[in-house]
Amino acid sequence: MTTRRAVCPGSFDPVTNGHLDIIGRAARLYDEVVVAVLINKTKSSLFTVDERVDLLVECTAAYPNVTVDSFHGLIVDFCRDHGIQVIAKGLRAVSDFDYELKMAQMNNGLADVETLFMPTSPLYSFLSSSLVKEVATFGGDVSGLVPDPVLQRLREKLGG
Ligand code: ADP
């Protein structure tokens with residue numbers, strides 16, 4: 001039988017509890033899950049790609065079938081190169097849907113890759129990496145929204 005693999009792609013700048021919820025749920029559905037950090041040189045980021053990968057490795061250590069990688073270019077090329085059949089994503093609200101639907105349709109047209117949408121836990125519906133960074137920058141409490149290693153690294157980077 002072929003190994004069923006899914007990828008969870010994103011910027012993960014930094015990984016949040018919302019991401020980990022989706023990664024954990026995908027890990028229960030597939031034999032192997034690859035978390036793929038998008039290398040986007042035009043987008044400014046707080047954490048380097050290596051830092052983001054290291055944090056993801058630390059925060060997904062409890063899942064034996066999850067690995068972490070990085071990629072640039074098209075996600076469908078990454079899927080083809082790694083024998084991945086499915087892109088697994090979380091949908092936070094209807095506002096995510098418009099863009100995600102277009103991307104899923106494009107990816108399915110470009111290659112034989114399916115997209116699985118999972119409804120985000122209502123606990124994390126409002127949560128995004130950018131909001132976490134904004135709140136943390138001004139000294140707000142983001143514990144409970146990000147895993148402990150991220151909390152530590154945010155404090156180191158932003159002070160406080
Ligand atoms: P992007 O680089 O597309 O902004 P992110 O790194 O913020 O992406 O997130 C990557 C993916 O993780 C999203 O496309 C979405 O599927 C999922 N995701 C993001 N935030 C959450 C959340 N709060 N709850 C569940 N899933 C999320």
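Helix α6, residues 148-158, gives four residues to the lining of the second largest pocket, the largest share of that lining. The model is predicted. This pocket has a volume of about 170 Å³. Its lining comprises 11 residues. Closest to the centre are Ala136, Gly139, Gly140, Arg155 and Gly159. By class, the lining has five nonpolar, four polar and two charged residues.

Now turn to the largest pocket. Its volume is about 1,200 Å³. The lining counts 47 residues. Nearest the centre lie Pro9, Gly10, Ser11, Lys89 and Glu100. Several elements give two or more residues each to this lining. The strands among them are β1 (5-10) and β4 (86-91). The helices are α1 (17-29), α2 (49-59), α3 (75-82), α4 (94-110) and α5 (129-137). Of these, α4 gives the most, with nine residues. The class count for the lining is 21 nonpolar, 17 polar and nine charged residues.

The ligand sits in this largest pocket. Around the ligand are 15 residues. Ser11, Phe12, Gly90, Tyr124 and Leu127 come nearest. Ser11 thus appears twice: it is among the residues nearest the pocket centre, and it is among those nearest the ligand.

Which elements supply at least two residues each of the shell around the ligand? They are β1, α1 and β4. The largest share, three residues, comes from α1. In the lining of the whole pocket, by contrast, α4 gives the most. The shell divides into five nonpolar, six polar and four charged residues.

Next come the polar contacts with side chains. An N or O atom in the Ser11 side chain is 2.4 Å from an oxygen atom of the ligand. Lys89 also faces a ligand oxygen atom in this list, with a polar side-chain atom 3.0 Å away. Lys89 is another of the residues nearest the centre of the largest pocket. For Thr120, the partner is a nitrogen atom of the ligand, and the polar side-chain atom lies 3.4 Å from it. How much of the ligand's accessible area does the protein cover? On its own, the ligand has 540 Å² of accessible area, and the protein covers 84% of it.

Taken together, the ligand and the largest pocket share some residues and elements. Ser11 and Lys89 lie nearest the pocket centre. The side chain of Ser11 has an N or O atom 2.4 Å from a ligand oxygen, and that of Lys89 has a polar atom 3.0 Å from a ligand oxygen. β1, α1 and β4 contribute to the pocket lining and also to the ligand shell.

Definitions and conventions:
Residues are numbered from 1 along each chain as its sequence is written. This is a predicted model: local features need pLDDT of at least 70, side-chain atom pairs count only at pLDDT 80 or more; totals for chains, interfaces and linings use all residues. Side-chain values use heavy atoms; hydrogens and water are left out. On a 1 Å grid over the protein atoms alone, a cavity is a set of points where a 1.4 Å probe fits but cannot get out, and a pocket is an open set with protein on both sides within 12 Å along at least five of seven lines; lining residues have an atom within 4 Å of a point. Grid points are joined across faces, edges and corners, and a volume is the space filled by probe spheres set on the points. Ala, Val, Leu, Ile, Met, Phe, Trp, Tyr, Cys and Pro count as nonpolar, Asp, Glu, Lys and Arg as charged, and the others, Gly among them, as polar. A residue is near a molecule or strand if one of its heavy atoms lies within 4 Å of it. A polar contact is a pair of N or O atoms within 3.5 Å; within protein, one must be able to donate a hydrogen and the other to accept it, and residues adjacent in sequence count only if both atoms are side-chain atoms. Accessible areas come from the Shrake-Rupley method with a 1.4 Å probe; for residues, only the protein chains shown count as cover. A molecule sits in a cavity or pocket if more than half of its atoms lie within 2 Å of its grid points.
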